[in-house]
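Trainee: I should like to understand how the descriptive terms for this model are justified. May we set each value against its definition?

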Amino acid sequence: MSNNILIHYPKASSRPVSVNYKVSNEGDLKTITCSVPDKENTPSWLELQKFELVAMKFDNAYDLVFEQRKFDRNLDTVLFIDKVFEKIMDLRQA
């Protein structure tokens with residue numbers, strides 16, 4: 001993994017979760033491969049250590065491609081993944 005971000009979830013005052021990520025582009029698709037490296041300090045609600053996000057470009061902005069399997073997880077995990085995507089995209093546009 002080549003980049004790292006800290007995600008404060010569920011509250012801004014929550015202990016941050018470190019996420020390593022790598023972004024690859026292929027045409028209008030952006031694939032973000034993520035991992036949470038610190039297994040010992042991972043929150044109990046987070047059901048994934050590794051996950052992949054796929055986004056497609058529409059009108060000069062990237063939107064996540066819907067994946068049903070993402071919603072097979074608990075709500076906190078789904079919202080955490082959305083927050084990871086949001087922060088990565090914000091950093092890449094800065």
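Trainee: Which residues make the nonpolar surface patch of about 300 Å²?

Mentor: Leu 29, Met 56, Phe 58 and Val 65 make that patch. The model is predicted, so local features need pLDDT of at least 70 and side-chain atom pairs count only at pLDDT 80 or more, whereas totals for chains, interfaces and linings use all residues. Residues are numbered from 1 along each chain as its sequence is written, and side-chain values use heavy atoms, with hydrogens and water left out.

Trainee: What makes a group of residues a patch?

Mentor: Patch residues have over 30% relative accessible area and no salt bridge; like charges are joined within 9 Å, and nonpolar side chains (Val, Leu, Ile, Met, Phe, Trp, Tyr) within 5 Å. A salt bridge is a side-chain nitrogen of Lys or Arg within 4 Å of a carboxyl oxygen of Asp or Glu. Accessible areas come from the Shrake-Rupley method with a 1.4 Å probe, and for residues only the protein chains shown count as cover.

Trainee: Why is Met 56 called partly exposed?

Mentor: Buried means under 20% relative accessible area, exposed means over 50%, and partly exposed lies in between. Met 56 has 31%, so Met 56 is partly exposed. Met 56 is found in strand 4; strands are DSSP runs of E with at least two residues, helices are runs of H or I with at least four, and both are numbered from the N terminus.

Trainee: How do Ser 14 and Glu 40 fare, buried or exposed?

Mentor: Ser 14, in the loop between strand 1 and strand 2, has a relative accessible area of 15% and is therefore buried. Glu 40, in the loop between strand 3 and strand 4, reaches 77% and therefore counts as exposed.

Trainee: What is the order of the strands in the sheet, and why do strand 1 and strand 5 count as edges?

Mentor: The open sheet of five strands has the order 1-2-3-4-5, with antiparallel pairing. Strand 1 (3-8) and strand 5 (61-64) each have a single partner strand, so one side of each is left without a neighbour in the sheet.

Trainee: How do you know that strand 4 and strand 5 pair?

Mentor: Pairing requires that DSSP finds at least two bridges between two strands. Four bridges join strand 4 to strand 5, so these antiparallel strands pair. They form a hairpin with two residues between them, and Asp 59 in the turn has a positive phi of about 50 degrees. Phe 58, one of the patch residues, stands opposite Ala 61 in strand 5.

Technical notes. Buried < 20%, exposed > 50% of the residue type's maximum accessible area, 1.4 Å probe, protein only.
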